[in-house]
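Visitor: I would like a close look at one part of this model, with its surroundings described step by step. Please take a single buried position as the starting point and work outwards from there.

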Amino acid sequence: MTRPDTPAPLPTSRTYGEVAVGDVLPDLPIPVTRTLIVATALASRDYQDVHHDPELARERGSKDIFMNILTSNGLVDRYVTGWAGPAAVVKALRIRLGAPNHPGDTMVLTGTVTAKHDENRHVDIAVEGTNSLGAHVTGTVTVRLPGEAR
């Protein structure tokens, strides 16, 4: 394996001054695979059978296994911090689950800046993740952004 002569530059962070209320984050489609559902449930120590056993999930009224809330929470965090950059600090993340994420579907995360707070450089972002059944996750993420470029 060869190594590049120059390392890739680190991603830049958005600064508080660069962001405006009404800014729309780019869509992030996430293929919902059986592996994603099972692996992330296990990684978050959620051993509930509805997240890994299709037969038991069906016995309990679901059409198949489904994603757990910890995974949804992590994907929302990743979505916002991927947009905001490595110097952003998540201060609050409030979500509510709706339609389940089943294998074979795609969840598309979308977001909009809804508020800015000058006293602490906090930015509120309304986030929604939808799939073929409707809204899987909705909520608000608050991040603190740097005042100057890093």
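Guide: In what follows, a contact means heavy atoms within 4.5 Å. The model is a predicted one, and the position chosen as the starting point is Ser-72, which is found in helix α3. With a relative accessibility of 1%, Ser-72 counts as buried, because the cut-off for that class is under 20%. When its neighbours within four places in sequence are left aside, Ser-72 is in contact with Met-67, Ile-95, Leu-97 and His-136.

One of these partners, Leu-97, leads towards the surface. Leu-97 belongs to strand β2, which covers residues 89-97, and at 35% relative accessibility Leu-97 counts as partly exposed. Together with Ile-69 and Leu-70, Leu-97 forms a nonpolar patch on the surface, and the three residues have about 250 Å² of accessible area together. Leu-97 therefore has a contact with Ser-72, which is buried at 1% relative accessibility, while also taking part in a surface patch.

Helix α3 spans residues 69-84, and the loop between α2 (54-59) and α3 holds Asp-64, which is paired with Arg-34 of helix α1 (residues 34-43), so this pair ties together parts that are 30 residues apart in sequence. The pair is a salt bridge in which the closest N and O atoms of Arg-34 and Asp-64 are 2.8 Å apart. The two partners differ in their exposure, since Asp-64 counts as buried at 11% relative accessibility, whereas Arg-34 counts as partly exposed at 38%.

A search of the whole structure finds two salt bridges, and the other one joins Arg-60 to Asp-49, again with 2.8 Å between the closest N and O atoms. This pair links distant parts of the chain, with Arg-60 in the loop between α2 and α3 and Asp-49 in the loop between α1 and α2, 11 residues apart. Here Arg-60 counts as exposed at 53% relative accessibility, while Asp-49 counts as buried at 17%.

Another buried aspartate is Asp-105, whose relative accessible area is 16% and which lies in strand β3, residues 105-117. Leaving aside neighbours within four places in sequence, Asp-105 is in contact with Ile-30, Pro-31, Val-32, Asn-131, Ser-132 and Leu-133. Ile-30 is 75 residues away from Asp-105 along the chain, yet the C-alpha atoms of the two are separated by 8.7 Å.

Turning to rings, the structure holds zero aromatic pairs, but Lys-116 lies over the face of Tyr-16, at 4.1 Å from the ring centre.

These details belong to a protein with three helices and five strands, whose elements run β-α-α-α-β-β-β-β from the N terminus on. Among contacts with a separation of 6 or more, 68% are between residues 24 or more positions apart, and the contact between Asp-105 and Ile-30, at 75 residues apart, is one example. Of the 150 residues, 36% count as buried, and the accessible surface comes to about 8,700 Å², with 53% of that area belonging to carbon and sulfur atoms. Along its principal axes, the C-alpha trace spans about 55 × 45 × 25 Å.

Methods:
Residues numbered from 1 in each chain as written. Predicted model: local features only at pLDDT ≥ 70, side-chain atom pairs only at ≥ 80, totals over all residues. Heavy atoms only, no water. Salt bridge = Lys/Arg side-chain N within 4 Å of Asp/Glu carboxyl O. Helix = DSSP H or I, 4+ residues; strand = E, 2+ residues; numbered from the N terminus. Buried < 20%, exposed > 50% of the residue type's maximum accessible area, 1.4 Å probe, protein only. Phe/Tyr/Trp six-rings, centres within 6.5 Å; stacked < 30°, edge-to-face > 60°. Lys NZ or Arg CZ within 6 Å of the ring centre and 35° of its normal. Areas by Shrake-Rupley, 256 points an atom, 1.4 Å probe, with all protein chains shown as cover. Patch = residues over 30% accessible without salt bridge, like charges linked within 9 Å, V, L, I, M, F, W, Y side chains within 5 Å.
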